[in-house]
Amino acid sequence: MSLSALGLCGVDDSIDVEMLRILSIRYPLVEYGVLFRADKVGQPRYPTQKWVEELAAAANACQPPMRLAAHLCGQACATLLNTGSLEWVHALIPMGFSRVQINATKVNGVFVPDLQKAAVHLKNAIEQTPELDFIIQANEETKPLWEPFMADPSPPFNVSILFDASCGTGQLATTFAPKPRNNMRFGYAGGLGPTTVVEVLRALRDGPAKGETIWIDMESGLRSKIDGKDAFDFRKAQTVCKLVDKEGWEQPMLKDPAPPPPPPPPNVRKSGHPLLAHKLTLMRDFRTPPRDFRQLLREVTFHIGYEASSELATEPRCDVISPCGPVPPSQAAKLAERIALIPILRSGLGMVDAMLELLPNAVVHHIGLFKTGKDTKPIEYYSRLPKDSVADLAFILEPCIATSKTALAAISKLKGWGATKIVIVSIIASFEGLADLQKAHPDVTVYTVHVDSALRRDGFVYPGFGDVGDRQFGTPAGNPTSKNIYAPVFSAEGRLRTDSAITSPLHKPVTRVLGEYAAYVDISKIPEVSLTEASSTALTTHDGSYGSEPVLMNWGAPSPELRGPVLATSRHNNQRNAIGAHSGGYSVYRALAVVSKALDDAYFPKLGMTTPVARIGPFPAWRDPKRIVTIDPYGHAISEGFGPWLEKGYDVRPTIAVTKAHIELPECREALREGRLTADGAVLSADGQSFVTKAAIEPVWYLPGVAERFGVTEDELRDAIFKETNSMYPELLTRRDLKLFLPPIGGMTVYIWGDPEKINDESVELTCRVHDECNGSDVFGSDICTCRPYLTHAIEECIKCAQRGGTGIVVYFRKEGRALGEVTKYLVYNMRKRQEGGDKAAEYFNCTKEVAGVTDTRFQVLMPDVLHWLGVTKIHRFISMSDMKHDAIVSTGIKIVERVEIPPEMVPKDAHVEIAAKVAAGYHSGESFKAAATDPSLLDKVKGREYTSTTEYEKSVKEGHGAQGKAQGA
C-alpha cells in the first residue's frame, strides 16, 4: 500500500502559514484541509478569509506547490447540493485548491432536504469541473450521494470516496470498508492522530488497502489546548509526518494488479534500457523540481535519440586521411540526408539541445500545437516551415504521445510539406495513441522509452508524468494536484480532407453581365484546389512558410482571369487570399448553424440561378486599383467571371447580389394623394409601389488602397485594425502577403429607379443620394433627426427622375450613428437632452465628442467606390447637404451639377437642432437654410426637447417638450 496524500485538516488562524510551508517542503505529500463554514468563520478550525488568502499565496509560491483541499461544510456545501451552483467552488481554483471534500452531514451544519436531487447536482458539478478532485465523505447519512458513484462501472475520473464512519466526529474506526469494486480512488479517516496513525496504517496495509494507493485524513487528533485556546498543534502534525515517513509512504507491490499492456504496434521501437527506466521513474515523480526534470529530459532524449538515429542513411567519403594514411571510402562515411528537428511547442523544446548534440548540423523548425480536451482537434498557433527547404528526414520531438492527435497533425503537415521520411522521438506513449498512429501512418517510426497502459478521460497518459511543458518550466498550471495529473484513475484521428463536397453544382450562369471580359485564355494556369487540413485548427498563418499558397490576386487587373477570385472561405485555408470571412459579423451566425448541426460546413452553394437581374459593368474604374478599394467589382458575377475556378472545386462566394423588387412607402402614397407624384404604371403604380433594381454589397478592402486613401502606410493601417479589434485578426500582422481584408462591418444596399445601364451615360439625368443608416428614424420614425424625411424625399426625387427618362440612385450604407454605433448614438441623445441649457445647436457636435471622443467615423473618403462600381461619372442632382460626402465624391473625378437640400417643411420639430448645427459647420445650406450659415446667434436660439433625471414612467412620458426655433430662421 502507498499513500498519495496525508491529509492534515482543520488548519486555521492559530498556526503560522510559514510553519505549514516548511512542513510541506519536508513532506511534499502533506495536504492541508481547510474547513469552510460561513457561520463559524474565525472560530477554531474555521479560518478567516485573510488567513486563507495568505495560505493560498504561500502554497502557490512553493515548488512544487503546497497541496490544499477545501472541506465544504454549512451553507457552502448546502448551496452546491441543493441548487447546483458552482460559483463558490469555481472561486477555489485560482487560489490553488485541487480537491474539494463534500461534508454533507448534520454535524457539519449541512441540511439537504432531497438527497436524490442533490446527487444529480453533485454529479453535474463533478463533470463540469475537471480541474478539481471531488471527495465524498462516505457514511450512512450521505449514502444517497456516494452510492451512485460506487455502482457506476466507469465513474468520473475526478471523484473519490473518503470512508469515515465517524461522520467527522473524530472517533477511531474499528473496521475498514473494502476498496471500491470499480477502482474508484479512496481514502480513510476517523480518529487518526499521533497515537493511532501507525496502528491504522499497518491495519490498512495488511487489510483492505493492501497493494493499493490511498490517502488518510485526520482532524481532531491534531488539536490541542494552547494558551487555553483550541488550536492546530504543529507538533502533533509534525509527529504524524515523522511517524508516517518512518513507516514508509510507499510499499512496493508484490505484483502489478493491472494487466500488462499488449505489445506495441510494429512501427514502434521501445527501449528496454534499465538506465532509461530509472531516469523515467525520476521524471514521473511529481516531487522532481523543474531544473531536475529538464536535465532528465535532456539525458533521456540523448539516449533515445541515439537509438532513433540508427536508421540514418550515409554515403562514402573519399577525402579522409588518418595519421596512418588514407581511409578507404568503404570505411569513411557521412550523413547523406538533410535532417530537420521538429519540436512540438512547448513540450518538445526540452529535447532540442540533446538532439542537436547528436545532429549538430540539423535545422530546427518549430510547430506550435495545443489541445483543449481529449476529443478536440489540436489548435495550431505557430508554424514557419520554409517553402523551398524541405528535409529528407524529419524528427518530430514530442515527449508524450497521449491521444496522438497532436502527433497526427504534425505528421500530416510534414507530409504535405514534402518530408519523405518521418521519425517520432518520444519518452512515453499510450498504447491507444500508438495504435491510432499506426493505423493512420504505418510508415512513421516511433521511438519511445515506455508504453503506458491507459489514457485518462481528460486525455492524460496514466501513469505518465503530467504536462511536460508545465513540468519543465514550472508554470503555475504545473501544480500536479490542480490537474489530477497523478491520480491513479483508469479508463477504458486526424486526416486530410479529401472530399470537396461538390455534387453536381449548378454554376452555369442564367444571365451574363461581363461579356468578353469573362473569357479565359488559359484555364490551365488555375492551380489545383487544395482543401483545408482537418487534423488541426490554426490560430494564425505566416507568409513565406509552408502551407500558405494564396491564389492569384492582382487587384485592378483588366479581367477576372488576370485578377483572380476573392477566396475567403474556410474550405481552402492554405489558398485563401483574403483575411476575414464572408458576411462580416453574420459569419458568427454561420458558426452557430454549423455547431448546432443545422448547416453542414461542407455544403457548396449552387450559384447558377443567382446571377444578376440587370447588367452593371464592367466600367473603366473596375480596372483602376486606386479607384475602387473597398468593393470587389466582380462580386456579383462569380459564376460568370470565375466559372473555371468553381468547376475546379474552389469555393468562391459572391460579395454582391443584384435583384429587383417593388417597394411601398406610406410617403409615396401620400405624395400621390397630394399630387407631388403621379403614377405611370411603370416606375410607380397607382397604389404607390415603385419598381427598383437593388444590389446588396459586402465590403472587400484592398488594404494598400485603403491605406493610401487615409494617407498612412499599409503597416500602420494593419496595426491599428489589429489593435482596435482586440487581436481578432492576427493575420493582419503575420500575413503581409494577403492584401485583401473582409472587415466585420455592415455593407450597403443600392436602390435604382430607372434603367441601370443608363447610369454611366452623362447625357442622361442622374439623381443620387448617399444615405447612412439611422434605424431609429429610417424604420421607426424618430423625429430627433431628418434621416427618414430626407431619405423619402430622395426616393420621391429618384422616382421623378426615372419618370423623366433618367435614373435615380439611393445608396444605403450600414453606418449607424455616424459609424459610432447605435449605443453611442443613444448615449449622445441623453447628454444632449440633459445638458445645462437644454439641447441646442451650439453644442450638437460637442456632445458627440464628449461621449465618443470623435464627432464622426464614417470617413466618406471610402464612400465613392460604390458610385464608381455603378459607372457614375456625373450626378445631375445630388440629394444631400453634406459637405463631406460632396467633397469625397468630387475629389474622385465625379461631377456634381446641383445640390438639393431637404425642404424646410419636412424637417421635424426636434430635428432643427441638427440642421442648424450642420449648416453652421459647413453643410450645404441652399436658399432654404441660409440663416443658419450666416447668423451665429441662431445656434443658441434653436433648441430641442429637454429631459430631466427622472426615471419614473409617469413623469418621463410627459417630458420632451420645449423644442423651439427653426434652422431656416424666424
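## Strand pairing, cores and backbone features

Strands S34 and S36 run antiparallel and are joined by six bridges. Strands here are DSSP E runs of at least two residues, helices are H or I runs of at least four, and both are numbered from the N terminus. Two strands count as paired if DSSP finds at least two bridges between them. This is a predicted model: local features need pLDDT of at least 70, side-chain atom pairs count only at pLDDT 80 or more, and totals for chains, interfaces and linings use all residues. Residues are numbered from 1 along each chain as its sequence is written, and side-chain values use heavy atoms, with hydrogens and water left out.

**Around S34.** In the pairing with S36, Val750 stands opposite Val811. S34 also pairs with strand S31 (residues 689–697), antiparallel, over five bridges. There, Ala696 stands opposite Thr749 of S34. S34 spans residues 748–753, and five of its six residues are buried. Buried means under 20% relative accessible area, exposed means over 50%, and partly exposed lies in between (1.4 Å probe, protein chains only).

**Nonpolar cores.** A nonpolar core is a set of buried Ala, Val, Leu, Ile, Met, Phe, Trp, Tyr and Cys residues joined through side-chain atoms within 4.5 Å. The largest has 78 residues, of which Leu6, Leu8, Leu72, Ile102 and Ile216 touch the most other members. Helix H2 (residues 49–61) supplies the largest share of this core, six residues. Apart from this core lies another, of 49 residues, including Ala621, Val658, Ile752 and Val770. What does Ile216 touch, not counting residues up to four places away in sequence? Its partners are Leu3, Ala5, Leu6, Gly7, Tyr188, Leu192, Val197, Leu201 and Leu204. Contact means heavy atoms within 4.5 Å.

**Helix packing.** The axes of helix H1 (residues 17–26) and helix H8 (residues 234–247) come within 11 Å and cross at roughly 0 degrees. H1 and H8 are therefore roughly parallel to each other. Angles under 35 degrees earn that label; over 145 is roughly antiparallel, 65 to 115 roughly perpendicular, and the rest oblique. Met19, Leu23 and Arg26 of H1 meet Phe234, Ala237, Gln238, Cys241 and Asp245 of H8. The residues of this contact divide into five nonpolar, one polar and two charged.

**A covered helix.** Helix H30 (residues 912–920) is largely enclosed by the rest of the structure, because eight of its nine residues are buried. The buried residues include the charged-group names Glu914 and Lys918, alongside His912, Val913, Ile915, Ala916, Ala917 and Val919. Gly922 follows H30 and has a positive phi, near 125 degrees.

**Backbone exceptions.** Two cis peptide bonds and two positive phi values outside glycine are tabulated here.

| Item | Value | Loop location |
|---|---|---|
| Leu345–Arg346, cis | omega about 0 degrees | Arg346: between strand S16 (339–345) and helix H11 (349–358) |
| Gly617–Pro618, cis | omega about -5 degrees | Pro618: between helix H17 (587–595) and helix H18 (638–641) |
| Asn726, positive phi | phi near 55 degrees | between helix H22 (714–724) and helix H23 (731–734) |
| Arg818, positive phi | phi about 55 degrees | between strand S36 (807–813) and helix H26 (822–834) |

Are Asn726 and Arg818 buried or exposed? Asn726 has 68% relative accessibility, so Asn726 counts as exposed. Arg818 has 14%, so Arg818 counts as buried.

Notes. Axes fitted to C-alpha atoms, helices over the stretch in contact; angles between N-to-C directions.
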